[in-house]
Amino acid sequence: MKTVINLLIVIIALLSLAAGIAKVTHSPQEVKFLQSFLFNDFTITLYGVMQILAAVLLSVGGLFSHQSAKLIGATMVALGFLLSSILIFISGSWIFGLVSLLPVALTGLIIKKLPS
């Protein structure tokens with residue numbers, strides 16, 4: 001099970017990193033989508049930086065078995081993906097919204113499997 005969780009950490013961290021980079025580099029699709037919810041350039045960049053930082057914390061926590069970093073990173077990743085999912089649902093893309101909840105659920109599994 002530990003191998004599965006570590007693989008999930010890598011996948012989720014890479015997804016969060018990619019999503020963050022798309023926001024920080026102001027990918028036209030990301031900007032158009034987020035601006036439709038009144039995000040400005042600063043908040044889009046801040047959101048992206050948060051996703052990148054979350055990916056780094058989750059990765060470092062997983063790599064060095066640092067439980068606090070892993071928990072904080074996983075929680076930030078989950079919140080970042082959850083916000084995106086909520087915005088997707090609000091935009092009316094129900095199918096994509098449901099699919100976008102998968103990283104949230106997988107991150108929740110990572111959090112649940114952390115030692116208490």
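## A guided tour, starting from Thr107

Thr107 is buried, with a relative accessible area of 0%, and selecting Thr107 is a convenient way to begin looking at this predicted model. With the residue highlighted, follow the backbone on either side of it, and you will see that Thr107 lies in helix 5, which covers residues 94–112. Now show what surrounds it: apart from neighbours within four places in sequence, Thr107 is in contact with Ile12, Ala74, Val77 and Ala78.

**Helix 4 beside helix 5**

Next select helix 4, residues 67–90, together with helix 5, residues 94–112, and turn the view until both can be followed along their length. Their axes come within 9 Å and cross at roughly 165 degrees, and an angle over 145 degrees counts as roughly antiparallel, so helix 4 and helix 5 are described as roughly antiparallel to each other. The crossing of helix 4 with helix 5 is left-handed.

Which residues of helix 4 meet helix 5? On the helix 4 side, select Leu71, Ala74, Thr75, Val77, Ala78, Phe81, Leu82, Ser85, Ile88 and Phe89, and on the helix 5 side the partners include Trp94, Leu98, Leu101, Pro103, Val104 and Thr107. If you colour this contact by residue class, the residues of helix 4 and helix 5 that take part divide into 16 nonpolar, five polar and no charged.

**Aromatic pairs**

Now display the aromatic side chains, among which the count comes to three aromatic pairs. One of them joins Phe33 and Phe37, whose rings are 5.2 Å apart centre to centre with 70 degrees between the planes, an edge-to-face arrangement. Phe33 is partly exposed, with a relative accessible area of 26%, and Phe37 is also partly exposed, at 22%.

For another pair, select Phe89 and Trp94, where the ring centres are 5.2 Å apart and the planes stand at 55 degrees, so the pair is tilted. Are these two residues buried or exposed? Phe89 counts as buried, at 19% relative accessibility, whereas Trp94 counts as exposed, at 56%. Both residues also appear in the contact already visited, Phe89 on the side of helix 4 and Trp94 on the side of helix 5.

**Helix 1 beside helix 3**

Move on to helix 1, residues 2–24, and helix 3, residues 41–63, which pack at an angle of about 160 degrees with their axes 7 Å apart. Helix 1 and helix 3 are therefore roughly antiparallel to each other, and their crossing is left-handed.

To see the residues that meet, select in helix 1 a set including Ile9, Ile12, Ala13, Leu17, Ile21 and Lys23, and in helix 3 a set including Ile44, Tyr47, Val49, Ile52, Ala55 and Leu58. The residues of this contact of helix 1 with helix 3 divide into 14 nonpolar, seven polar and one charged. Ile12 deserves a second look here, as it is among the residues of helix 1 that meet helix 3 and is also in contact with Thr107.

**Two loop residues**

Finish with the loops on either side of helix 3. In the loop between helix 2 (28–35) and helix 3, select Leu38, which has a positive phi of about 70 degrees although it is not a glycine. Leu38 is exposed, with a relative accessible area of 79%.

Then select Ser65, in the loop between helix 3 and helix 4, where phi is again positive, at about 50 degrees, in a residue that is not a glycine. Ser65 is partly exposed, with a relative accessible area of 48%.

Terms used:
Residues numbered from 1 in each chain as written. Predicted model: local features only at pLDDT ≥ 70, side-chain atom pairs only at ≥ 80, totals over all residues. Heavy atoms only, no water. Axes fitted to C-alpha atoms, helices over the stretch in contact; angles between N-to-C directions. Helix = DSSP H or I, 4+ residues; strand = E, 2+ residues; numbered from the N terminus. Parallel < 35°, antiparallel > 145°, perpendicular 65-115°, else oblique. Left-handed = near helix turned anticlockwise from the far one by under 90°. Contact = heavy atoms within 4.5 Å. Nonpolar A, V, L, I, M, F, W, Y, C, P; charged D, E, K, R; others polar. Buried < 20%, exposed > 50% of the residue type's maximum accessible area, 1.4 Å probe, protein only. Phe/Tyr/Trp six-rings, centres within 6.5 Å; stacked < 30°, edge-to-face > 60°.
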